[in-house]
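This report concerns the pairing of charged side chains. Please consult the sequence and the 3D structure below while reading.

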Amino acid sequence: MCMEKKRVYLHGECIIKEIDNLPQNIKKRNCENSIMIAESETEGNEHRIKVKEGIEFFEDENGILYMKNTMPTEVYCLHEQRHDTIEIPEGIWEIDKAVEYDYFKSEIVDVRD
């Protein structure tokens, strides 16, 4: 069996995963210029995606963000020295916060940037 590989991009604590289709029962999010995809916990350094024609955002009832883009766009930080700007190619994407396992607490926790 041959499985198609999906693209995944990491930007700080953000994880941007390629998906086949948008889920059902999501609501379109209107935004101008850019949309915040993760807040900084300490320094006010937000992770953002540039919004332009051909890019749509949606959100489910759990606050998971989805993007459908017919042209490349960029993920960047307000404080440019913290993370490189990366380009996200055309596709359908799920945007969420990365998690990790904390062995000292024996639990899954959000990645902190």
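The following text describes salt bridges and the exposure of the residues that form them.

This is a predicted model, in which local features need pLDDT of at least 70, side-chain atom pairs count only at pLDDT 80 or more, and totals for chains, interfaces and linings use all residues. Residues are numbered from 1 along each chain as its sequence is written, and side-chain values use heavy atoms, with hydrogens and water left out.

A salt bridge is a side-chain nitrogen of Lys or Arg within 4 Å of a carboxyl oxygen of Asp or Glu. By this rule there are six salt bridges, including those in the table.

| Salt bridge | Closest N and O atoms |
|---|---|
| E18 with R7 | 2.8 Å |
| E94 with K17 | 3.3 Å |
| E56 with K28 | 2.9 Å |

Strands are DSSP runs (E, at least two residues), numbered from the N terminus. In the pair of E18 and R7, E18 belongs to strand β2 (residues 14–18), while R7 lies in the segment before β1 (8–11), eleven residues apart. E94 is part of strand β10 (residues 91–97) and K17 of strand β2, so their salt bridge ties together parts that are 77 residues apart in sequence. E56 in strand β6 (residues 55–59) and K28 in strand β3 (residues 27–29) are 28 residues apart, and their pair links distant parts of the chain.

Exposure is classed by relative accessible area: buried means under 20%, exposed over 50%, and partly exposed in between (1.4 Å probe, protein chains only). E18 is buried because its relative accessibility is 16%, whereas its partner R7 is partly exposed at 31%. Likewise, E94 is buried at 17%, and K17 is partly exposed at 30%. E56 has 29% relative accessibility and therefore counts as partly exposed.

Terms used
Helix = DSSP H or I, 4+ residues; strand = E, 2+ residues; numbered from the N terminus.
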